[in-house]
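Reader: I want to learn how to read the places where parts of a protein meet. Can we work through one case together?

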Amino acid sequence: MLALVDVNNFYVSCERLFNPKLINKAVVILSNNDGCIISRSDEAKLIGIKMGQPLFKVKELIRQHNVQVLSSNYPLYADLSSRVMRLISGFTNHQEVYSIDECFISLDEHKDPRNIAMVVKEKLWADLRMPVCVGIGPTKVLAKFGNHCAKKQKKWDGVFATYLLSEACLNEMMDVFSVGEVWGVGDKLKQKLELINIKTVLDLKGSDVISIKNTLNVNVGRIVHELNGIHCFPLEQVAPKKKQIITSRSFGKTVTDYPQLVEAVTTFVVRATLKLRSQDTLCSKVSVFISSSPFIRDSNYYHNLTTVGLANPTSNTGLILKGSLEGLRSIYKNNISYVKCGVILSGLINSENSQDNLWPVDDKRKGDLVFVMDKINNRFNGSTLRLGTQPLYPTWGARQLKKSPSYTTSWKELLVVS
Amino acid sequence: MKDNKRGGFRVGAGRKSGSGCFGESTKVIRVPTSRVTEINQYIRRPQAGNTDIVMLPHPTPQKIQLKLFDHKVPAGFPSPADDHIEKSLDLNEYLITKKESTFFVKIKGDSMIDASIHDNDIVIVDRSKQAKVGDIILASIDGEFTIKILAKHLSLPRLLPANEKYQPIVIQESMQFEIWGVVTGAVRKF
């Protein structure tokens, strides 16, 4: 049996651990630049605030119901996430951390999976004050479906095991939920499925695998198999390497100057190349994009992206930055108020499979320099050694008006109690 | 399959294995052309006793330059402590039993001074420990955190300060009260 353990309203739950005033109140957490709502407490959901909604669209609701609004505090969430995952890992031999707040675990070594899921749930509440829902099923898709049931229907007490229900009962449940709730079915696929009259989870379960494979793709066929209890997606205990690395941010205030964009691009390249090296890959292409605000109607909306090929696949910050700045120069236009900028590294290959150029342009010692810088930054502080155009305190930095302290990761920001 | 009577393998045909000059079965190997004679001479000479290892002279002796101090050679008396290496002491290990559920909290004020918890101390709070009467706990009362000693008064919890200047707090049923964790230690730098 597999189980999906998922923390309810994870970011809100993290904030509530250190701020009991938020308990039983409507709370929302904003995205990186205080732009959109990315986590809501149950109370906020009831008021009608939707996931992903821009803050300005719900200003009135927030004022009316006195909703608590917080900026996101990723250092806190990341630390609590790793604590959650470590606690859960104590109950299983196989764990796939699927996202910051959910993981698949195998419960094969336990005789009574539902009971052990209850223990996990109580442990997470006692030790970390994290409310979780657990879905148990023979396959990942069914475990995910079970998790959805546990979340939507209070009567299951937070743990829903598909194997405890008769086939008929389970089918009845599947008939209630839209096909869009199935793991792996996104908006586009949902529309396609609805066109061929597959509307509920049960419709998809009962559909013909071969015709689904032919009309859509093999992956949807696998989902149908998994809904019928046939194993297709194994637990991935080692996260697969990323095929593309994107680093982008909205600016805290609009930027028109070229030098400031250079600062931003440098900062993003440094961050992206660090990720590139951490998964032991090289990149062969780098893209840069800049855009003005699509929400301001009277100004002329400008956005552009360009891709620069690199002579050799590399993970060297300097070389990738050189390419990125070439790209930036080619798409930069004067007199535009930019609100967003980003860097995409693509064409990623494993560093051990790389082919050397016959006439290398790369100075090998420069590559070594980057690793020395990484080591130093790792040992001391994230940005002890920086490139010249990488600002310590960027003027264009993200807006974070109401961020809570980093209670668990900074000595200076500990919870203070009398 | 066709039963072919002509050609192919016939039992008993060909030279017998081990009938050659070596008196045993042989194997084809690749050797450098320049050294064929030498190897031939070597294997054809009569075996003398049990000398298995025979050094063949290299046809063109080469010089290898060795630096004088290329490697450290461990010499002298080996360290008598080698067999007794243990890892050095780690305060985390001393102070923390449950890593996942342990948090650090900074103290402000002197309400716990008689329990040796001073202003600006950092205390260690374990959420996984079950709080008992007499434990120093971190609790939240109506949204505010406080660190006090847990006691009981007529089945209602009571929080006692460790300083005469302060009054005990009696928890009423109308209050929102939650025990956050048990204080298991304190650290202070001078």
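Author: Let us begin inside one chain. This is a predicted model. Domain 1 of chain A and domain 2 of chain A bury about 1100 Å² between them. Carbon and sulfur atoms give 69% of that area.

Reader: Where do the domains of chain A run?

Author: Domain 1 covers 8-72, domain 2 covers 77-227 and domain 3 covers 245-379. The C-alpha centres of domains 1 and 2 of chain A lie 25 Å apart. Their contact takes 11 residues from domain 1 and 12 residues from domain 2.

Reader: Which residues of domain 1 of chain A lose the most area to domain 2?

Author: A:N8, A:F10 and A:L17 do. Together they make up 54% of what the domain 1 side buries.

Reader: How many salt bridges and polar contacts are there between these two domains?

Author: A salt bridge here needs a side-chain nitrogen of Lys or Arg within 4 Å of a carboxyl oxygen of Asp or Glu. Between domain 1 and domain 2 of chain A, the count is zero. Polar contacts give two residue pairs, both residues at pLDDT 80 or more. On the domain 1 side, α1(A) gives the most, with six residues. By class, that side of domain 1 has six nonpolar, four polar and one charged.

Reader: Now the two chains. How many residues of each are in contact?

Author: Chain A brings 22 residues and chain B brings 25. The area buried between the chains is about 2200 Å², with 58% from carbon and sulfur atoms. In chain A, the residues that lose the most area to chain B are A:P20, A:V417 and A:S418, together 26% of what the chain A side buries.

Reader: How many salt bridges does the rule find across the interface of chain A and chain B?

Author: Three. One of them joins B:E178 to A:R129, with the closest N and O atoms 2.6 Å apart. The rule also finds 14 residue pairs in polar contact across this interface, both residues at pLDDT 80 or more. On the chain A side, α1 (10-18), α4 (74-89), α5 (113-128) and β14 (415-417) each supply at least two residues. That side has 14 nonpolar, three polar and five charged residues.

Reader: In which sense do β14(A) and β1 of chain B pair, parallel or antiparallel?

Author: Parallel, over three bridges. The chain B strand spans residues 102-107. To find the pairing on screen, start at A:L415: its bridge partner in β1(B) is B:V105.

Definitions and conventions
Residues are numbered from 1 along each chain as its sequence is written. Chains are lettered from A and ligands numbered from 1 in the order in which they are written. This is a predicted model: local features need pLDDT of at least 70, side-chain atom pairs count only at pLDDT 80 or more; totals for chains, interfaces and linings use all residues. Side-chain values use heavy atoms; hydrogens and water are left out. Contact means heavy atoms within 4.5 Å. Buried area is the accessible area (1.4 Å probe) that two parts lose on being put together, summed over both. A polar contact is a pair of N or O atoms within 3.5 Å; within protein, one must be able to donate a hydrogen and the other to accept it, and residues adjacent in sequence count only if both atoms are side-chain atoms. Helices (H or I, at least four residues) and strands (E, at least two) are DSSP runs, numbered from the N terminus. Ala, Val, Leu, Ile, Met, Phe, Trp, Tyr, Cys and Pro count as nonpolar, Asp, Glu, Lys and Arg as charged, and the others, Gly among them, as polar. Two strands pair if DSSP finds at least two bridges between them. Domain bounds come from an automatic or database domain assignment.
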